[in-house]
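Student: Please give me a close look at the part of this model around the ligand. I am new to the structure, so short steps would help.

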Amino acid sequence: MAKNAVITGWGFYAPSRVMTNAELERIVDTSDEWITSRTGIRERRIASDGETTSSMSTRAARVALDRARLRPQDVQMIIVGTCSPDYVFPATACMVQNDLGATRAGAFDIEAACTSFVSALAVARGMVVSGAIQNAVVIGAETLSRFLNWKDRTTCVLFGDGAGAVVLEASNASVGIESVILHSDGSQAEKLMIPAGGARIPATQGTLDRGQHLITMQGGDVFKLAVKSMADAAEEALAEAGLGLDDIALMVPHQANIRIIEQVAKRLHFPMERVFVNIQRYGNTSAASIPIAISEAEATGRLRRGDKVLLVAFGGGFTWGASVLEWFGAHDGVRPPGPLERARGAIEDVVERVRPV
Ligand code: ACO
């Protein structure tokens, strides 16, 4: 049985269409100043007509698999965390399985709103460490722009689209996903939800006319609970891992609101210099925010092998959770490079050759 589950691949995809706060000023009664000062968001990405949660997931997964030097046919499990799936069913993960050509993989979705990625990580880790599977592609992806009420300034300015993925593999290394803790409180479900379109309030012309298929939120209540819950979860995950905040090189929180992130850090007495923040460019991408942030943190040199990392999330449900892991990083060239990596190498060779001396 494997001792640990480690992240060996990571990648993300963000739609090319950027929507700035200035653009939102022309849609609803808002201002760049209000959005920036209250949320930290300057722009977000919006999926184009042809893009879906599964298509963005597939693009992120390809990058992560390439980094892990795994072929799609080697993948044993695909788990997509999302609350904006392609369909009510089948699972978005099945679309990803087909698009990747992951012919031997199982596939299912996890829905815990913005906590979906951490929840999916918990499930995948359990499956890997138990020996049930050797690897899993764990994805967080959302197309929340399709579920926004573009007339409601209290919600439409907050969210964005995108996908992030990691490859989790069995390892005998002494490091890996050290702890994952999850919590929930369904008594406050109505404070952040899409009320209609499910079995309780099925879709009718009336529900459509009333905009009940779109996100509704009581932002102030969400804010207060998010701060306390995320801080508590962080401490719990650290205790389970037998670590303290001083051991943590980088905190990667769900990117919901810069003020929530700052208050969580303040409550924990954790310096903001060691907190990864990219909300200014993507807004709240819900389940996608942590895996996108992980990829960007690695790309900008803020994640190095051996670093202890704290993930912490909060979302509709309410759901919240945290995970402590040690960053494993890419394989040491044991496996042959994947096609994207080979293409990158070829481009670097050409650049090197044409560079003036
Ligand atoms: N532009 C201008 N004014 C606005 C806007 C806007 N986009 N939105 C709200 N306002 C107005 C309100 O109408 C209100 O006006 P009023 O005083 O005349 O009634 C005023 O601004 C203040 O509204 P508040 O709701 O008190 O503003 P607050 O400072 O609480 O900020 C916000 C609102 C940003 C939504 C905040 O509560 C928040 O971030 N909550 C958490 C939301 C969140 O992160 N949700 C996602 C987490 S879970 C998940 O990711 C799925």
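Tutor: We start at the ligand, then move out to the elements, the loops and the whole chain.

This is a predicted model, in which local features need pLDDT of at least 70 and side-chain atom pairs count only at pLDDT 80 or more, while totals for chains, interfaces and linings use all residues. Residues are numbered from 1 along each chain as its sequence is written, and side-chain values use heavy atoms, with hydrogens and water left out.

Start with the shell. There are 23 residues around the ligand. A residue is near the ligand if one of its heavy atoms lies within 4 Å of it. Those that come nearest are T30, R38, C114, N257 and N284. Sorted by class, the shell holds ten nonpolar, nine polar and four charged residues. Here Ala, Val, Leu, Ile, Met, Phe, Trp, Tyr, Cys and Pro are nonpolar; Asp, Glu, Lys and Arg are charged; the others, Gly among them, are polar.

Now look at single atoms. The side chain of H254 has an N or O atom 2.9 Å from an oxygen atom of the ligand. For R259, a polar side-chain atom lies 3.2 Å from a ligand oxygen. For W34, a polar side-chain atom is 3.4 Å from an oxygen atom of the ligand. How much of the ligand is covered? Taken alone, the ligand exposes 1000 Å², and the protein buries 71% of that. Such areas come from the Shrake-Rupley method with a 1.4 Å probe; for residues, only the protein chains shown count as cover.

Next, see where the shell comes from. Five elements each give two or more residues to it: α2 (32-39), α6 (153-156), α8 (219-241), α9 (258-268) and β12 (308-315). Helix α8 supplies the largest share, four residues. Helices (H or I, at least four residues) and strands (E, at least two) are DSSP runs, numbered from the N terminus.

Stay with α2 for a moment. T36 sits in this helix. T36 counts as buried, because its relative accessibility is 18%. Buried means under 20% relative accessible area, exposed over 50%, and partly exposed in between (1.4 Å probe, protein chains only). The side chains of T36 and N21 make a polar contact of 3.4 Å. A polar contact is a pair of N or O atoms within 3.5 Å; within protein, one must be able to donate a hydrogen and the other to accept it, and residues adjacent in sequence count only if both atoms are side-chain atoms. Leaving out residues up to four places away in sequence, T36 touches N21, I41 and R42. Contact means heavy atoms within 4.5 Å.

Then turn to the loops. Most residues other than glycine have a negative phi, and most peptide bonds are trans. A113 has a positive phi, near 50°. A113 lies in the loop between β5 (106-110) and α5 (116-129), and is buried at 10% relative accessible area. S286 also has a positive phi, near 50°. Its place is the loop between α10 (279-282) and α11 (289-299). S286 is buried, with a relative accessible area of 1%.

Two peptide bonds deserve a look as well. F89 and P90 are joined by a cis bond, with omega about 5°. P90 is in the loop between β4 (77-81) and α4 (92-100). G317 and F318 also share a cis bond, with omega about -10°. F318 belongs to the loop between β12 and β13 (319-326).

Take one strand too. L250 is in β11 (residues 248-253). L250 counts as buried, at 1% relative accessibility. Beyond its neighbours within four places in sequence, its contacts include R274, F276, A297, L303 and V309.

Finally, step back to the whole chain. The protein chain has twelve helices and 13 strands. Of its 357 residues, 52% are buried. Among contacts between residues at least 6 apart in sequence, 77% join residues at least 24 apart. The C-alpha atoms fill a box of roughly 55 × 50 × 45 Å along the principal axes. The radius of gyration is 20 Å, which agrees with the value near 21 Å for a compact globule of 357 residues. That radius is taken over C-alpha atoms, and the globule rule is 2.2 Å times the number of residues to the power 0.38.
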